Amino acid sequence: MGTVVDDAASVEFHAFFERHYAELSRLAHLLTGEADAADDLAADALLAMWHRWDRVRAADHPVAYARGVVANLARTRIRSAVRERRRITLFWSQREEKTENPDVPGVVDVQSALRRLPFRKRACVVLRHAFDLSEKDTALALGVSVGTVKSQTSKGMAELQKLLGTEDAPQRMHAGIAGGGVTKPRVTRAGVTGTGGRDR
């Protein structure tokens, strides 16, 4: 029956879940800008990993694989949301803010500014500056070249600094993920069985 192997895999997956769930949830939050959906995306990514855990556990970089799964799920969610917004003709027009007025503070919330970046730039900026990943690890997670990470991060940071009206964007990136606790879903041998909301 392979019970011992199954039990070992379950214990191993549970330990992986405990170590990386909160990080994956923060990553999903920063990529989508949706706090309520972040836990679900992280849980979905981990559930997908559990279904192919034999292959994942043998991989050289299972954490990079998990980040890639979250990024793909976030990209799909964003594309779906954009299509829906276009259908109902709302998109971002109602969220545009006037920043020309010198009397109005030019500082834009980090997460709001991130949502204005194209997805690949956003993912590179988040992984490099919010999660302190190396260019190599970022490239591994996103399935792109190191050169692409360098150029997309540089362009993304330049755009982010313009939106924030400040040159300390990397420091503010760290602050952008500092708050907000995460309630973890339960994990059983069957996988991720339920998700909890973020602490309010």
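Which residues does arginine 122 touch, not counting residues up to four places away in sequence? In this predicted model, the list runs to Leu30, Leu31, Thr32, Ile78, Leu114, Arg115 and Leu117.

Arginine 122 sits in helix 6, which covers residues 119-130. Here's the curious bit: arginine 122 is buried, yet has no salt bridge. The nearest side chain of opposite charge belongs to glutamate 34, and that one is 8.2 Å away. A salt bridge would need a side-chain nitrogen of Lys or Arg within 4 Å of a carboxyl oxygen of Asp or Glu.

Now for the bigger picture. The protein chain has nine helices and two strands. Going along the sequence, the pattern is α-α-α-α-α-α-α-α-α-β-β. Of the 200 residues in the protein chain, 40% are buried. As for contacts with a separation of 6 or more, 68% of them in the protein chain come from residues 24 or more positions apart.

One helix pair is worth a look: helix 7 and helix 8 pack at an angle of about 105°, with their axes 8 Å apart. That angle makes helix 7 roughly perpendicular to helix 8. By class, their contact has three nonpolar, one polar and three charged residues. Here is who meets whom:

| Helix | Residue range | Residues in the contact |
|---|---|---|
| Helix 7 | residues 135-142 | Glu135, Lys136, Thr138 and Ala139 |
| Helix 8 | residues 146-164 | Val146, Val149 and Lys150 |

Methods:
Residues are numbered from 1 along each chain as its sequence is written. This is a predicted model: local features need pLDDT of at least 70, side-chain atom pairs count only at pLDDT 80 or more; totals for chains, interfaces and linings use all residues. Side-chain values use heavy atoms; hydrogens and water are left out. Helices (H or I, at least four residues) and strands (E, at least two) are DSSP runs, numbered from the N terminus. Buried means under 20% relative accessible area, exposed over 50%, partly exposed in between (1.4 Å probe, protein chains only). Lys and Arg count as positive and Asp and Glu as negative; His and the chain ends are not counted. Contact means heavy atoms within 4.5 Å. Axes are lines fitted to C-alpha atoms, for helices over the stretch in contact, and angles run from 0 to 180 degrees between N-to-C directions. Angles under 35 degrees count as roughly parallel, over 145 as roughly antiparallel, 65 to 115 as roughly perpendicular and the rest as oblique. Ala, Val, Leu, Ile, Met, Phe, Trp, Tyr, Cys and Pro count as nonpolar, Asp, Glu, Lys and Arg as charged, and the others, Gly among them, as polar.
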